[in-house]
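User: I should like to learn how to read the main features of a protein model. Could we work through one together, beginning with burial?

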Amino acid sequence: MRVDNRLVHGQILEAWIPFLDASCIVVADDQVASDFFRETVIRMAVPSEVKVLISGVAEFAENNAFRRGRGPSTIVLFSTVSAAWTAYRLGFRFDKLNIGNIYNEECRLCCTQSVQLNEGDINDIISLRKEGVQIEFRRVPKEKPIDLFEIVRNMGS
Amino acid sequence: MIGVLITTHGNLGNELIKAAELIRGSIKGIVHIAVDQTKGVEDIKKEMSAALKKLEQGQGVLILTDLFGGTPSNLALSFLKTGKVEVITGVNLPMLLKLPDIREGMSLEDFAHFIKDYGIKNISLASEILSKKVG
């Protein structure tokens with residue numbers, strides 16, 4: 001489970017797919033699902049042995065409610081925290097959420113170089129956290145994961 | 001003259017231009033845009049759009065990117081327009097060295113095909129060539 005506003009890009013193709021030995025990628029994003037060109041580019045970019053599923057956020061969550069921990073190793077990509085939270089609320093449950101790249105013009109909390117959260121993102125992360133979802137900031141597998149609440153704690157001190 | 005825009009992960013493109021210029025002197029009508037973690041996707045798109053306008057002299061612009069499916073290429077593809085903008089992925093130094101020789105008097109489409117083929121042709125495995133020569 002990953003939030004990345006770039007969806008499928010270099011870090012996913014060259015780092016995460018080999019690291020997780022993923023055999024399936026899900027892109028849960030309303031914009032891509034309604035944009036044939038972007039959908040085609042994603043399908044062409046992903047190696048042919050990896051299955052690609054593209055659908056809108058709500059549609060995806062409804063079709064995959066409570067399917068935790070079953071099936072092949074899969075990467076699920078959302079472009080925003082809000083999409084991940086929406087999917088969670090609609091029944092797509094997960095224990096851990098990886099946050100890769102989030103860019104915001106108005107940045108309330110700049111966690112790392114690649115993650116800049118706005119008010120809405122922070123609220124959604126707090127909601128997910130309350131549900132017991134572990135949130136980690138990590139762009140690529142080789143990087144040490146950073147816990148959001150550690151950053152907040154450090155800022156406070 | 002056909003304009004050339006290079007967009008890559010980090011400064012790779014800029015270094016490629018520097019290397020090409022080291023070998024054969026300054027190259028005109030070429031712009032590099034670095035894509036890194038600190039820039040927003042929309043900002044990079046704006047940067048690309050401005051660069052394309054600057055490079056367009058009536059013959060179109062060729063965009064060279066490093067990796068198909070990577071962010072630079074994903075963004076470049078959104079500008080794809082037949083006859084106006086072509087995109088090649090997997091940019092390498094031989095391609096850059098060849099550009100200045102053929103960018104006049106060729107259509108954008110022919111130019112793009114030529115550069116793509118040229119880039120592929122210049123990838124070789126030394127032992128393979130040597131064994132052919134000997135055998």
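Analyst: Certainly. In chain A, buried residues account for 37% of the 157 residues. This is a predicted model, and every value below is computed from it. For chain B, 39% of the 135 residues count as buried.

User: What secondary structure does chain A contain, and how is its overall compactness judged?

Analyst: Chain A holds seven helices and nine strands. Its radius of gyration is 15 Å, close to the 15 Å given by the globule rule for 157 residues, so chain A is as compact as a globular protein of that length. Along the principal axes, the C-alpha trace of chain A spans about 50 × 30 × 30 Å. Of the contacts in chain A between residues at least 6 apart in sequence, 70% join residues at least 24 apart.

User: How should I read a sheet, and what is the strand order in chain A?

Analyst: The general idea is that strands of a sheet pair through backbone hydrogen bonds, in either a parallel or an antiparallel manner. In chain A, an open sheet of seven strands has the order S3-S2-S4-S1-S5-S8-S9, with mixed pairing. Its edge strands are S3 (51–55) and S9 (146–147) of chain A, each of which pairs on one side only.

User: Which way do S2(A) and strand S4 of chain A run, and how many bridges join them?

Analyst: S2(A) and strand S4 (residues 74–78) of chain A run parallel and are joined by four bridges. To locate the pairing in the model, one may start from A:Cys24, whose bridge partner in S4(A) is A:Thr74.

User: Which residues of chain A deserve a look for their backbone angles?

Analyst: Two cases may be set side by side. A:Leu7 has a positive phi of about 50° although it is not a glycine, and A:Asp21, likewise not a glycine, also has a positive phi of about 50°.

User: Where do A:Leu7 and A:Asp21 lie, and is each buried or exposed?

Analyst: A:Leu7 is found in the loop between strand S1 (2–4) and helix H1 (10–20) of chain A. A:Leu7 has 24 other C-beta atoms within 10 Å, and it is therefore buried, the cut-off being 20 or more. A:Asp21 lies in the loop between H1 and strand S2 (24–28) of chain A. A:Asp21 counts as exposed because it has 9 C-beta neighbours inside 10 Å, where the limit is 12 or fewer.

User: Let us turn to chain B. What is its pattern along the sequence?

Analyst: Chain B comprises six helices and four strands, and along the sequence it follows the pattern β-α-β-α-β-α-β-α-α-α. The radius of gyration of chain B is 16 Å, close to the 14 Å that the globule rule gives for 135 residues, so chain B is as compact as a globular protein of that length. Taken along the principal axes, the C-alpha atoms of chain B fill a box of roughly 55 × 35 × 30 Å.

User: How do strands S3 and S4 of chain B run, and what is the hand of the crossover between them?

Analyst: Strand S3 (residues 61–65) and strand S4 (residues 85–89) of chain B run parallel, with five bridges joining them. Within this pair, B:Leu64 stands opposite B:Ile88 in S4(B). From S3(B) the chain crosses through H3(B) to S4(B), and this β-α-β crossover is right-handed.

User: How do I recognise a nonpolar core, and which residues touch the most other members here?

Analyst: In soluble globular proteins, nonpolar side chains tend to be buried together. The largest nonpolar core here has 72 residues, of which B:Leu5 and B:Leu62 touch the most other members. Leaving out residues up to four places away in sequence, B:Leu5 touches B:Val31, B:Ile33, B:Ala51, B:Leu52, B:Leu55, B:Val61 and B:Ile63.

User: Finally, how many residues does each chain bring to the contact between chains A and B?

Analyst: The size of an interface is often given as the accessible area lost when the parts come together. Here residues are counted instead: the contact takes 12 residues from chain B and 13 residues from chain A. Helix H3 (residues 71–77) of chain B supplies the largest share of the side of chain B that touches chain A, namely three residues. That side of chain B divides into four nonpolar, eight polar and no charged residues.

Definitions and conventions
Residues are numbered from 1 along each chain as its sequence is written. Chains are lettered from A and ligands numbered from 1 in the order in which they are written. This is a predicted model: local features need pLDDT of at least 70, side-chain atom pairs count only at pLDDT 80 or more; totals for chains, interfaces and linings use all residues. Two residues are in contact if their C-beta atoms, placed from the backbone, lie within 7 Å. Helices (H or I, at least four residues) and strands (E, at least two) are DSSP runs, numbered from the N terminus. Ala, Val, Leu, Ile, Met, Phe, Trp, Tyr, Cys and Pro count as nonpolar, Asp, Glu, Lys and Arg as charged, and the others, Gly among them, as polar. The radius of gyration is taken over C-alpha atoms; the globule rule is 2.2 Å times the number of residues to the power 0.38. Two strands pair if DSSP finds at least two bridges between them. A nonpolar core is a set of buried Ala, Val, Leu, Ile, Met, Phe, Trp, Tyr and Cys residues joined through C-beta atoms within 7 Å. A crossover is right-handed if, with the strands pointing away from the viewer, the path from the first strand over the helix to the second runs clockwise.
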